[in-house]
Every structure is written in structure tokens, then in C-alpha cells.
Amino acid sequence: MSSTSVSNKPLPPPTNTPVSAACIIDSLDALHWTDHADVLVVGWGAAGASAALEARAAGADVLVIDRFNGGGASALSGGVVYAGGGTAQQQQAGYADSPSAMFDYLRHETQGVVRDETLQRFCDQSVANLSWLQSHGARFGARMPKFKTSYPADGIFLYYSGNEAVPAYRGASDPAPRGHRTVSKGQSGAILYAALHDATRASGARCLTQSSVRRLVMLRTPGQPDRVVGAEVWRLPENHPKTLRHATCHRLANQWRNFWATKAEAWRREAYAIEAELARPVFIQARQSVILASGGYVFNNAMVRQHAPKYARGWKIGTAACDGSGIQLGQSVGGQADRLNNISAWRFITPPYAWPKAIVVNTKGERFCNEQVYGATLGHAMVEEQGGKAWIVLDAKLRRAAIFECLFGGLWAFQSLPALMMMLIGSVKAVSIGALAKKIGADVATLEASVQNYNAAIQEGRADELGKSSDMCEALRTGPFYALNIAINSPVFPLAILSLGGLRVNEMTGQVQDAAGQDIAGLQAAGRTAIGIASHRYVSGLSLADCIFSGRRAGKAAALFGKQS
Ligand SMILES: Cc1cc2nc3c(=O)[nH]c(=O)nc-3n(C[C@H](O)[C@H](O)[C@H](O)COP(=O)(O)OP(=O)(O)OC[C@H]3O[C@@H](n4cnc5c(N)ncnc54)[C@H](O)[C@@H]3O)c2cc1C
């Protein structure tokens with residue numbers, strides 16, 4: 001046995017960031033490998049499952065490893081997949097779409113985060129990727145909502161999930177709805193993921209759960225590029241009562257995360273403590289590739305503070321395992337991370353549909369963003385440009401309409417309850433706009449001018465100065481007037497955040513790249529561990545769609561690496 005820097009010293013106790021420096025060996029014999037696979041997939045969310053399925057379909061022996069029991073943020077998600085170019089559901093609903101129209105729209109949203117050829121491929125493959133999901137048991141539907149919504153009600157499965165209907169984003173083609181929500185009752189992510197989970201198992205991929213990858217193993221061979229050849233995996237003992245408790249804590253933390261945040265955090269910590277006490281390391285060899293598909297980093301407070309401090313007061317969504325470990329594993333062998341400062345900040349103000357007809361202003365009282373845009377577009381403008389603070393200013397008529405909609409409009413509780421609480425008990429009220437400005441600390445003349453300009457444009461039939469479409473503009477005339485605090489730290493209206501940046505990858509193969517843009521042999525990344533289509537700005541469905549696209553790409557390429565050598 002020979003090794004250059006193998007250490008069997010115990011790692012520091014696992015916090016939510018248990019990644020350690022790479023283990024460098026100069027011979028495969030340097031370590032005792034307890035298992036081998038052609039392809040080792042780290043993380044069993046949507047990206048990992050897609051990678052595993054493709055690698056299996058190409059004949060590779062695949063081992064999927066997950067810190068918990070799989071699912072990740074994918075299983076907690078809304079299960080909306082961004083798809084277009086003429087899907088069966090779009091056609092059934094009577095909407096024309098084409099890959100080039102989809103490309104035109106997404107080019108505007110993605111701003112060069114991937115090469116144009118890659119984005120074009122994503123659009124060209126979109127119909128096939130949705131069909132692929134269907135072939136693995138996911139179902140999609142064609143019923144559209146009457147109004148723009150952040151998430152459609154049960155029974156409705158196709159919608160404008162981004163900025164498609166906003167004039168400035170429309171481009172040359174008619175807008176097409178591309179948000180394909182998985183058919184299910186309630187939040188659809190669990191059903192979408194269940195299909196991928198079952199398909200992974202049926203494919204013959206082996207799955208190792210309650211096992212974390214905390215270190216990559218790299219082989220140094222003179223005259224050849226360094227190569228990732230495996231991973232150090234920390235496993236909980238099978239059938240131990242605390243291993244069962246670990247699974248329970250994770251399940252409870254995910255179930256209660258929206259309703260009992262402090263208790264959810266306590267369950268997370270209990271799970272970390274069980275890992276610290278009982279997990280033990282083994283080395284598993286990857287003959288062809290290790291695919292990092294372990295999600296984003298928003299549950300890693302240190303990374304949020306370092307890369308996206310403006311978002312630190314946001315409400316992180318996902319699981320405890322969205323802790324950036326995949327990104328850090330890639331960095332530990334020279335992988336280059338990028339766009340880590342890109343956070344999707346969900347300031348959804350539609351529904352209620354009456355809200356975006358009013359105006360949103362900053363602390364001075366100026367409008368700064370078209371209120372009709374997708375929630376993460378507004379959230380980005382608010383956090384990046386306005387210090388995370390903003391107000392919705394409504395008149396009595398729009399407020400009444402919004403309350404009616406919250407009570408009788410068939411909205412989800414997560415949409416109507418915070419909105420009602422804001423309007424009924426959390427708003428600032430005044431008889432005039434000037435008095436309202438004083439109460440919220442805005443500049444009186446500025447807020448009055450904002451409202452007057454907005455009203456005048458509507459009355460005179462002029463275009464809105466921020467590009468809102470005319471059907472979404474309604475003059476604020478009927479007092480009293482109300483201001484709703486939609487700041488990032490609003491106690492009743494939390495602003496959800498998730499991370500978008502990740503490791504730079506070769507856009508043909510998903511291979512992780514180093515600072516010089518060279519592929520790192522034996523290492524790939526997919527989903528939110530990698531830079532992908534969703535890494536500039538997110539619109540609903542784009543992250544899962546990219547997980548499928550990038551996961552399939554990585555799995556196919558990984559299986560081919562074996563055939564080439
Ligand atoms: C509430 C909510 C709603 C959302 N709705 C949508 C939506 O409708 N459409 C959309 O496109 N996006 C949505 N998103 C975003 C989307 O769900 C995620 O960006 C996406 O699921 C990420 O998928 P992934 O496969 O990269 O990671 P994940 O699904 O998070 O999977 C990563 C897996 O890796 C495991 N893991 C992590 N670290 C390790 C390690 N070191 N070793 C072993 N295993 C590890 C985790 O346990 C996890 O199972 C939503 C997110 C949330 C939280």
C-alpha cells in the first residue's frame with residue numbers, strides 16, 4: 001500500500017458542513033475500498049436520480065449515495081417543470097410554442113449564464129425531457145388558471161410560471177405557458193420525486209442512504225492528469241435505533257419547517273448530532289466518474305454570509321442537506337465555483353391578483369420595479385437595489401378586492417393567509433397618500449408624485465413608465481390608503497431564498513472544470529451543485545427542468561467515459 005497524504009484521523013464533528021480536504025493517493029491500492037461502482041452519484045434528488053437513470057440505461061453499474069433518504073429539495077418542491085417548444089400539454093391547451101420562441105424568452109432570463117448552444121439544446125430537448133419524465137411515471141396536465149398565479153390551485157397544471165406575459169420579456173412571439181406542474185393534490189414535488197425514486201430503484205441502481213460523502217479521493221499518476229477515483233462516505237449503522245431516529249428527525253424537520261421553524265431546526269440539529277456520534281467512514285471507488293448532485297447551499301449560514309450577505313435575513317427553503325457540501329467537494333479537488341452570489345428571492349405578490357395592480361415603492365416612496373413581474377424578479381430588485389425593503393401601496397378598493405380574493409378565490413393557504421394577515425392586522429393606514437408617506441417614513445412629495453404619475457398615465461391612456469401592461473394598472477383613488485410591508489425581514493410575509501450558483505462544468509458532459517477551464521477527470525456535477533440554466537435568475541420550473549437536463553447529460557457522459565477508456 002502506498003499513499004502520499006491519506007489520513008484516517010477522525011474528521012471534525014459534522015456540523016451542517018462536513019466536507020474535508022481531498023484525500024490524495026498515488027495508487028488505487030493505497031486504500032481499502034469497501035465497494036466499487038462505475039458511477040457514484042452523490043445525492044438522490046431530481047438531478048441525481050436523472051443521472052443515475054441515464055447511466056444505468058447506458059449499462060453502467062451505478063451506486064447512488066444520499067445523506068438522508070433521498071428527495072432533497074426536489075421532493076419538497078412545487079413539482080413545476082419548465083418545459084416548452086410544443087409539449088403535448090401546450091398543444092392540448094391551444095398554445096403555440098416552438099424551441100426558438102422558448103430560446104428567445106429564456107435568453108432574456110438567463111443572460112448568458114450558459115452558452116447559447118447549450119440553451120438552444122435545452123429548448124430543443126424540452127419536449128423530450130418532459131416525455132422522459134412521463135415515461136418514468138410523472139404526469140402533467142393542460143388546464144390553465146384564469147389569472148396569473150405564483151402556484152396554481154389543485155386541478156390546474158399548466159401556467160405562465162415566469163415573466164412570459166410581461167411586455168418587456170415577451171419578445172417577438174406570443175407568450176406561451178411553460179410551467180408544467182406535476183399532476184397531484186397539494187404541492188407536487190413529492191409526487192414528481194416519488195416517480196424518479198421508484199424509477200431509480202427499478203433501474204437496478206444501488207442506493208446507499210443515510211450516508212454522506214465528506215471527502216473525494218484523487219489519484220495522482222505521474223504523466224497523467226489527476227483523477228477523482230472515489231469518495232469517503234460516512235455511513236450510519238444499519239438498523240441502529242438512532243439511525244431510525246435520524247430518518248425521523250429529517251422527516252419531521254421537513255414536514256414542520258413552514259409551521260414550527262424553531263422545532264424544525266432542533267430536529268435538524270438532532271440529526272447532525274446522531275451523525276457526529278455514529279457515522280463511520282468507508283471508501284468507495286468510482287471506476288468511471290463521481291457525479292456531484294447534492295443540491296445548493298442555502299442551509300450553510302457561513303456560505304450565505306460569505307457569498308450573499310444581503311439575503312442572510314431571508315427564509316431559507318430546502319432541506320438541511322442543502323448545505324453546499326457538493327460545491328465544497330468540487331472545490332476540494334480544484335473545481336471552480338461561480339455565481340454563488342446569485343440567490344433566488346421569492347417576493348411573490350400575485351395572488352392576490354389585485355396587489356400587482358397597485359404599486360410597490362421603496363423606502364423613499366419611489367416605484368422601482370414593474371409590479372407584474374415574476375416574484376423572484378421583484379425580490380431580486382428589492383434586495384439588490386433597495387436594501388431589502390419595500391411597501392405595497394393600495395387604495396381601499398384594491399384592498400377590498402384582494403381580501404375578497406383571499407377569502408373566496410380558491411387560493412392556497414400559503415398564498416392567502418399571509419396576505420390576509422398583512423391586510424387585516426399588519427398594514428399601515430392613512431386617509432391620504434401624504435399622511436401614509438409620513439407614517440411609513442417615506443418622503444411625502446416623492447410618494448405623492450409616484451401615485452400621481454401612476455394615476456395620470458392610466459387616465460391619459462399612456463404606457464406605464466415601468467412597462468406594466470395596461471390591464472394590470474389600476475388608479476389609486478379611493479381612500480383610505482394602505483401600505484403593506486414586504487421587506488425581507490417581514491415577520492408575516494417571509495421571503496423565501498434558495499441558491500442558484502454552483503460548480504463550473506463542461507456544458508457537453510457535466511465535467512467539473514478548474515480555474516483554467518480544464519475538465520477534472522472523473523468528476524461531474526449536476527442540478528444545483530452546478531452552474532446551469534437556472535443559475536442566473538430562477539423562474540418557476542427552471543431549476544427542476546435543469547436538474548433533469550443536466551442530470552441526464554452527466555449520467556450519459558459518465559457511462560460513455562468507461563466505453564472510451
Ligand atoms: C419549497 C420549494 C419549492 C420549490 N419549487 C420548485 C418548482 O416547483 N420548480 C422548480 O424548478 N424548482 C423548485 N424549487 C427549487 C428546486 O426544488 C431545487 O432547486 C432542486 O430540487 C434542486 O435539485 P437537486 O437535485 O440539485 O438537489 P436536491 O433535490 O436538494 O437533492 C440533493 C440530495 O443530495 C443529498 N446530499 C446533500 N449533500 C450530500 C452529501 N454530502 N452526501 C450525500 N448526499 C448528499 C441530499 O440529502 C439530497 O437528497 C423549489 C424549492 C423549494 C425548497
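This is a short walk through the domains, the ligand shell and one sheet of this structure.

Okay, one thing before we start: what we have here is a predicted model, so no experiment behind these coordinates is claimed.

Let's start with the domains. The domain assignment cuts the protein into domain 1, domain 2, domain 3 and domain 4. Domain 1 is listed in pieces: 23-77, then 189-236, then 279-344, and then 496-564. The others are given as single stretches, with 80-181 for domain 2, 239-278 for domain 3 and 348-485 for domain 4. If you want a feel for the spacing, take domain 3 and domain 4: their C-alpha centres are 40 Å apart.

Next, the ligand. Which residues come nearest to it? Out of 41 residues around the ligand, those are Gly43, Gly45, Gly72, Gly295 and Gly527. As for the elements, two or more residues of the shell come from each of helix H1 (46-57), helix H2 (72-76), strand S8 (211-219), helix H12 (325-332) and helix H18 (542-564). And by class, we count 20 polar residues in that shell, 18 nonpolar and 3 charged.

Now for the sheet I'd like you to look at. It's an open one with 4 strands, and going across you meet S14, S15, S17 and then S16, with antiparallel pairing. At the edges sit strand S14 (359-361) and strand S16 (428-430), and each of those pairs on one side only. From one strand to the next, the twist averages 25 degrees.

Let's go across it pair by pair. S14 and S15 are joined by 3 bridges, and one to find on screen is Val360, whose partner in S15 is Ile392. Then S15 and S17 share 5 bridges; there, Leu394 has Tyr482 as its bridge partner in S17. Finally, 3 bridges link S16 to strand S17, residues 481-485, with Val428 partnered by Ala483.

Stay with S15 for a second. Are its residues buried or exposed? The strand is mostly covered, with 5 of its 5 residues buried. In a regular strand, side chains alternate between the two faces of the sheet. Here, Trp391, Val393 and Asp395 point one way, while Ile392 and Leu394 point the other way. So yes, Asp395 is among the buried ones too.

Last stop: a helix. Helix H14, residues 396-408, lies across strand S15 (391-395) and S17. Relative to S15, helix H14 runs at about 100 degrees.

That's my tour, thanks!

Notes
Residues numbered from 1 in each chain as written. Predicted model: local features only at pLDDT ≥ 70, side-chain atom pairs only at ≥ 80, totals over all residues. Domains from an automatic or database assignment. Near = placed C-beta within 6 Å. Nonpolar A, V, L, I, M, F, W, Y, C, P; charged D, E, K, R; others polar. Pairing = 2+ DSSP bridges. Axes fitted to C-alpha atoms, helices over the stretch in contact; angles between N-to-C directions. Contact = placed C-beta atoms within 7 Å. Buried ≥ 20, exposed ≤ 12 C-beta atoms within 10 Å, placed from the backbone.
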